[in-house]
Structures are given as C-alpha cells and as structure tokens.
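Colleague: I'm new to this one, and I'd like a close look at a single part of it. Could you take me through the sheet, and then whatever sits around it?

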Amino acid sequence: MSVTGRIHSFESCGTVDGPGIRFIVFLQGCLMRCKYCHNRDTWDTHDGREATIEELMHEARSYRHFMNASGGGVTASGGEAMLQPEFVRDFFRAAQADGIHTCLDTNGYIRKHTDVVDEVLDATDLVMLDLKQMDDNVHQNLAGVSNKRILDFARYLHQRGQKTWIRYVIVPGYTDDEQSAHQLGEFIKDMDNIEKIELLPYHQLGEHKWEALGFEYPLTGVKPPKKETMEKIKNILASYGKKVMY
C-alpha cells in the first residue's frame, strides 16, 4: 500500500454515486472541460492534497456497517479517477480484501488500454460511465475533447463483460434532443453488460465554483430541463431495451 494519490475530498455517506450508502473519494485532475462541470476546482492535477491508501481505508472502514447494510461500498470519482489508475487499483484491492463493494465513476477518457487499466477493472465491481454525447462535434463543443476514446472504452467494457451503469446528463441545447437519445440507444442496445441508464438533469449548482475561481461560467442562463423532456428521453432510451431511471 505504498502508492499515494492526490485527492480533492471525500464524502462519507454519499447516496448518488453508486448503489447504497457509499464512501466517495473525489480524485484531483481531469482532462475534460465540460461546460456544466460542477467540480471545476478538480481540473488542476497539481491541486488537492496527497493521501494514502491507509488513510482512505481507515475512513472507509468506519462506515462499513452503513455501507454493508445498504448494499453500498466505496466509489472513486473526480475529477477523473483514471488519471491515477495505480492509486485507484490499490484502493479497490484493499477495499475488496475487506469485503467492500467497489465502484469506478469515470468519464471513460482513457488514453491507452494498458495493463494497469485492466488491473483497475479487475478490482472494480461496478463501472459508472459518463456518455455525454454521441455526436463527436457536439461532444467536443460540450466537453472540450473528442468522444472516440470514450466510445472505445465503452466497447471494451462490453468486451470484458464489465458490469456497467451509463450516466447521461440532459443539457438543454446539447443533449436534450430526440436524435441524440436515439444515437445513444443504438450504440448501447446490444451491450448486455449495461444494467441501467441514469439520466441526470443538468443543474446550475456548480456555477458559483466557476465564479469563485475567477472563471466565466459557460452556461449562464441555461435552465434545467423540464420533466417532459426527461420523460421523452427516458422513453426513447427504454425503447432500446434498457432500464432507464432519473
């Protein structure tokens, strides 16, 4: 347990980043530049603080009763957890050795499928993968990078039979249209490793972080999607044979 990592923070009793009650570690650093990012302060890989596996496991173990009783566990999130794969691997291995469920919350922007990526996935009970937009031009506008690596990673998870949840953020003007939903449905319809799709309505809760850091928030004035829009997207994706929730 000698590997150290840079973390932004951790949350002791999270309920939205995986099943049950979870101990969530937010790792520092991200290569995407999502316009709606609500963790803008996690982008810089040099910020945050250094942490050890022992420190995180000491914290996680203190909540093990609540996690186990609820079917929960630990989640590595961010920022982007897979920028520090060795740290996530060792954290997950330690958690599994204690009988604790592990969940990887990732944007899937994996630069290369190296051995350490497989080692992380071997120690991962559940992957929550953000698929932000199937149209690459729109994706680059929304997230600042191409989606090609992400889609390749999604295919790789299917190839491995890795248990996966898809997360899809509904952003008015970017991902709330029917065509985008159909494109996503077509892409994942034959992926039997995907247990469900979580639709996440865009919100403005991260705007103050951008302003506090001295940056202009790119989506000022964009309102959360209406319930009717969420239902429309849900119904389209459900028509491709997937369980859809929001």
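Modeller: Sure, let's start with the sheet itself. It is an open sheet of nine strands in the order β3-β1-β2-β4-β5-β6-β7-β8-β9, and the pairing is mixed. β3 (49-52) and β9 (244-245) stand at the edges with a single partner strand each, so one side of each has no neighbour in the sheet. Here strands (E, at least two residues) and helices (H or I, at least four) are DSSP runs, numbered from the N terminus, and two strands pair if DSSP finds at least two bridges between them.

A word on the source before we go on: this is a predicted model, where local features need pLDDT of at least 70 and side-chain atom pairs count only at pLDDT 80 or more, while totals for chains, interfaces and linings use all residues. Residues are numbered from 1 along each chain as its sequence is written, and side-chain values use heavy atoms, with hydrogens and water left out.

Now for the strand pairs. Strands of a sheet pair through backbone hydrogen bonds, either parallel or antiparallel. β1 and β3 are antiparallel, with four bridges, and I7 stands opposite R49 in β3. β1 and β2 are antiparallel too, over five bridges; there, E11 has I24 in β2 as its bridge partner. β4 (residues 73-77) and β5 (residues 101-106), on the other hand, run parallel and are joined by four bridges, with A76 opposite L104 in β5.

β1 and β2 also share a ring pair. The whole structure has five aromatic pairs, counting rings of Phe, Tyr and Trp (its six-membered ring) whose centres lie within 6.5 Å; planes under 30 degrees apart are stacked, over 60 edge-to-face, and the rest tilted. In one of the pairs, the rings of F10 and F23 have centres 5.2 Å apart and planes at 35°, so the pair is tilted. F10 is in strand β1 and F23 in strand β2, 13 residues apart, and the pair links distant parts of the chain.

Helix α1 (residues 53-61) lies across β1 (4-14), β2 (22-27), β3 and β4, and runs at about 75° to β3. Contact means heavy atoms within 4.5 Å; axes are lines fitted to C-alpha atoms, for helices over the stretch in contact, and angles run from 0 to 180 degrees between N-to-C directions.

Just after β4 there's an oddity. G78 and G79 are joined by a cis peptide bond, with omega at about 20°, and G79 is in the loop between β4 and α3 (85-97). Most peptide bonds are trans.

Next, the open space. The largest pocket has a volume of about 850 Å³. On a 1 Å grid over the protein atoms alone, a pocket is an open set of points with protein on both sides within 12 Å along at least five of seven lines, and lining residues have an atom within 4 Å of a point. Grid points are joined across faces, edges and corners, and a volume is the space filled by probe spheres set on them. Of the 37 lining residues, H38, D105, D130, R167 and L200 are closest to the pocket's centre. β5, β7 and β8 (194-201) are the elements giving two or more residues to that lining, and β8 has the largest share, five residues.

Methods: 1 Å grid on protein atoms, 1.4 Å probe; cavity = no way out; pocket = protein on both sides within 12 Å on 5 of 7 lines; lining within 4 Å.
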